Amino acid sequence: MASKMHQSGLELTAPAQKVTCLGIEFASDDDRRQHFRERLREYLADPTFRAVPNFPQGLDDAIIRMSDPPFYTACPNPFLPEIIAYVGTPYDPTMSYSRAPLAIDVTVGKTDPLYRAHGYHTKVPHQAIVPSILHYTSPGDVVLDGFGGSGMTGVAASFCGTAPTSYRTILEAENDVDGRPAPTWGARHAIINDLSPAASFIAANYVNPIDIDKFERASKRLLSAARDEIGWMYETEGKHGQAEIDFTIWSEVFVCSSCTNEIVFASADRAEQDEGRARLVCPSCSAEARKEELELATEQYLDPVTGKSDWRPRREPVGIVYKQKGKALRKELDEQDRDLIRKVSDLAIPSELPTLHLNKSKSSYEGRMRTTNTQAIPQFFVPRAAHALACLWRLCSQEQDDRTRNALLFGVEQAIIGMSVLNRYSPTHFSQVNRALNGVFYVGSQHSEVSPWYILEGKFTRLISAFRAFRPTYGNVAVSVGSAASIGIPESSIDYIFTDPPFGGNICYSALNFVVEAWHGVITNNVDEAVVDKYVDRSLIHYQSAMQACFSEYFRVLKPGRWMTVVFSNSQASVWNTIQVALQQAGFVVAEVTALDKKQGSFKQVTSTNAIKQDLVVSCYKPNGGLEDRFEERGLTEDTAWDFVRTHLRNLAVVKRNKEGGMDAVAERDPRRVFDRMVAWFVRHNTPVPISSAEFQEQVVARFVERDGMLFLPNQVDDYDRVRLTVAVAPQRELFVDDERSAIDWLSDHLKAKPSTRQDILPEFIKKMGAGWRKHETKPELSDLLEGNFLQYDGSEQVPPQIHGYLSSNWKELRNLDKGDSTLKARARDRWYVPDPRRAQDVERRRERALLKEFETYKAHRGRRLREFRLEVMRAGFKAAYAARDYQTIIDVAEKVTEDAWQEDEKLLTFYELAANRIQSGR
């Protein structure tokens with residue numbers, strides 16, 4: 001609706017224009033909003049609707065006030081089925097679709113103005129998501145992010161149609177270098193869901209268009225009205241007369257343990273550093289102590305909300321910073337300044353200030369949140385900041401235009417944490433805006449209490465600039481609040497999923513969002529939040545169960561044969577394995593795992609999933625209906641196994657280019673990795689694997705084409721060979737050795753390339769068995785690994801082809817010799833080599849019998865938990881017990897070792913979870 005300003009300052013609107021929404025024509029956008037709000041109110045009045053799991057906590061009016069239906073509701077969006085029916089396309093199994101996995105660069109765009117328009121605890125830049133959406137989808141397709149956070153996936157979906165020419169040119173050039181086709185530009189539709197109402201509000205304001213000129217005028221009116229009402233609270237006498245305060249510096253006060261006099265933290269002298277931390281010097285007795293060794297000075301006060309006595313840290317204002325004549329000046333507080341602070345403190349608590357107490361969580365019950373007694377919303381603010389925010393919130397709420405009002409709140413809510421005691425004073429930083437630690441509640445000993453204009457004038461200017469350049473289309477993105485385990489959209493209706501789920505116990509989103517949500521009056525229902533938090537009795541098992549439920553919902557709504565990208569960041573192997581197991585049990589097949597090298601800004605393939613120190617990007621797909629249908633028809637046969645392998649290879653990248661212009665190995669094409677994916681697929685279908693590892697390794701080279709240790713389909717290998725000819729060095733698979741299985745794999749690779757004696761292998765083997773070894777895993781002897789898994793040439797028969805090929809290639813004098821030549825046999829004697837597939841089966845069976853025999857000792861063990869054990873024994877034993885439907889044995893043996901030991905192993909965790917589910921369901 002067009003508008004202009006009358007000389008009186010009132011906003012005058014132009015005649016309303018007709019709008020169409022979901023096929024319904026309305027006289028104006030206000031009529032559209034009113035129609036769907038009435039429908040939303042009807043839903044909210046229905047008890048069955050409010051009984052949806054994880055329905056947010058809030059009154060109907062508060063939910064409706066935040067919402068802009070049908071494309072945004074601050075509760076589970078009941079209009080999603082209608083939206084999907086209107087913008088989506090039904091799944092058509094006859095439609096051809098084929099994509100290789102694509103890795104994304106999660107480092108780009110973090111300085112982009114649009115990305116920085118609103119902060120959030122974790123964000124993947126929209127410009128990093130765009131390449132994936134362009135790769136996996138076509139214009140008009142529907143993208144889903146069930147852990148949508150601040151809505152960057154929705155922004156990316158719209159950006160595919162609004163990206164400037166400069167960005168398009170760069171991306172098209174990168175595609176050309178990497179050998180990928182040019183992207184098809186055009187907006188995609190998106191559905192953004194999140195458990196948090198605060199997150200959904202950010203997302204909705206990002207993806208819905210706004211009259212930017214109207215917003216600019218409204219923001220200026222807001223700050224002017226606030227200055228008229230509360231400007232007196234921020235007045236001070238400056239060097240050149242009266243000035244407006246930018247920020248006031250507050251310091252905690254400590255009690256000297258020697259003389260009991262007070263030490264003002266900010267102004268105390270510092271002694272030499274002790275283990276990297278400065279020691280404070282008492283101004284009264286000169287005693288030295290670290291802050292942690294001192295008692296925090298506190299003061300009693302009457303809580304105006306509860307009417308009861310409570311305590312808080314004693315904070316002393318130690319400085320004021322203001323601007324005059326274009327310069328930032330600092331002054332000590334004079335008596336007038338202190339009188340002003342006392343006057344504001346004596347005012348009644350503003351009615352707009354929320355009074356809720358924090359819920360139990362790791363974020364609110366640990367560290368300085370506990371030691372400073374910051375446990376309720378009013379305790380987050382010094383009195384002046386509380387009054388200022390209350391004033392701003394009330395003025396925003398008085399804005400008559402709904403879209404403009406929400407845009408103003410989108411800006412003002414960013415000042416909530418920035419004006420709280422979480423905003424640390426940082427003397428070395430130019431700006432004191434947004435100095436709170438990200439992803440955690442932390443109350444610093446020095447607090448910078450900023451004025452509303454200091455924090456918001458620049459913020460509104462940046463918002464106006466960012467959204468003037470980004471013009472999304474209304475209705476292109478739908479936003480919902482609720483659990484990712486129950487999104488409420490039809491089966492097989494989504495074309496692509498990009499998601500950035502919670503990372504175990506890294507961040508407690510509901511706790512961190514609580515403060516902002518309290519102002520909106522709509523709070524996250526965190527009953528089933530996917531998080532690890534001991535304060536609410538949520539273990540890794542709870543997290544795994546919650547993630548599996550969410551991934552199962554993703555699997556249900558994604559079209560067969562389509563892709564999902566999962567961005568994951570956690571340094572704990574147990575959490576990473578939990579994600580992998582949850583994905584596989586939901587039915588997804590992992591096709592690529594890449595990691596971000598933050599120093600180089602490039603991806604390195606993950607070769608060990610048990611030493612995760614980087615952000616991971618997981619590309620996985622939902623098998624197409626053909627594979628599942630053929631499995632139903634054939635049942636459990638060996639053909640089904642090879643059918644899976646063909647389908648899986650078809651979905652893998654053929655070539656991976658690196659930043660240096662060379663090639664990286666495609667780790668998922670390693671025959672051992674392919675076999676593991678096949679096993680996981682059969683286990684997920686609750687059927688035994690119809691082919692052993694040895695049988696697989698014997699037949700796979702005959703059924704598929706092998707290049708550089710990787711498997712290809714016949715129609716793929718020409719593309720690989722063509723690129724391979726352009727690089728000097730063949731791609732190498734770098735193997736991280738951290739347990740017995742990876743040690744065997746390393747030996748296999750080593751011996752294939754260089755059949756060697758034990759003495760020759762030992763020095764390199766010792767290097768590989770370094771600090772990365774799992775703490776509970778028994779370190780095997782090299783001799784035991786060689787004798788149990790490989791063959792040694794004793795000189796009695798002809799030299800094996802593997803050894804013969806190696807010797808004749810590296811020593812001229814040994815070329816063209818018969819395999820029975822005595823000189824050749826002497827050089828080959830005592831060398832270990834990898835058995836050919838025909839003999840490998842015998843070695844495999846012999847090894848498995850030995851492992852299962854040792855597993856019996858684990859079953860019989862009594863007393864304390866096993867401090868060290870062999871993972872290979874556990875894997876073989878769990879696999880055999882699962883095949884025999886002896887689920888209780890798996891549970892019993894798991895309890896005999898430390899919990900983190902089996903949680904950090906993907907295979908053990910998979911069998912444990914499946915066994916626990918079978919026991920629980922009585923199967």
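This text looks at a helix pair and then at the internal cavities of a predicted model.

Start with the helix pair. Helix α22 spans residues 671-684, and helix α23 spans residues 693-703. The two pack at an angle of about 125°. Their axes lie 11 Å apart. Angles from 65 to 115 degrees count as roughly perpendicular, and those over 145 as roughly antiparallel. The angle here fits neither class, so α22 and α23 are oblique to each other. The crossing of α22 past α23 is right-handed.

Which residues make the contact? From α22 come P671, R672, V674, F675 and M678. From α23 come S693, F696 and Q697. By character, this contact between α22 and α23 holds five nonpolar residues, two polar ones and one charged one.

Now turn to the interior. A probe the size of a water molecule, rolled over the atoms, shows where empty space is left. How many cavities of 30 Å³ or more does the count give? There are eight. The largest cavity holds about 140 Å³ of space. It is lined by 18 residues. Closest to its centre are N359, S361, S510, A511 and N526.

Which helix gives the most to this lining? Helix α17, residues 509-520, does, with four residues. The lining of the largest cavity is mixed in character: seven residues are nonpolar, six are polar and five are charged.

Notes:
Residues are numbered from 1 along each chain as its sequence is written. This is a predicted model: local features need pLDDT of at least 70, side-chain atom pairs count only at pLDDT 80 or more; totals for chains, interfaces and linings use all residues. Side-chain values use heavy atoms; hydrogens and water are left out. Axes are lines fitted to C-alpha atoms, for helices over the stretch in contact, and angles run from 0 to 180 degrees between N-to-C directions. Angles under 35 degrees count as roughly parallel, over 145 as roughly antiparallel, 65 to 115 as roughly perpendicular and the rest as oblique. A crossing is left-handed if the near helix is turned anticlockwise from the far one by less than a right angle, and right-handed if clockwise. Contact means heavy atoms within 4.5 Å. Ala, Val, Leu, Ile, Met, Phe, Trp, Tyr, Cys and Pro count as nonpolar, Asp, Glu, Lys and Arg as charged, and the others, Gly among them, as polar. On a 1 Å grid over the protein atoms alone, a cavity is a set of points where a 1.4 Å probe fits but cannot get out, and a pocket is an open set with protein on both sides within 12 Å along at least five of seven lines; lining residues have an atom within 4 Å of a point. Grid points are joined across faces, edges and corners, and a volume is the space filled by probe spheres set on the points.
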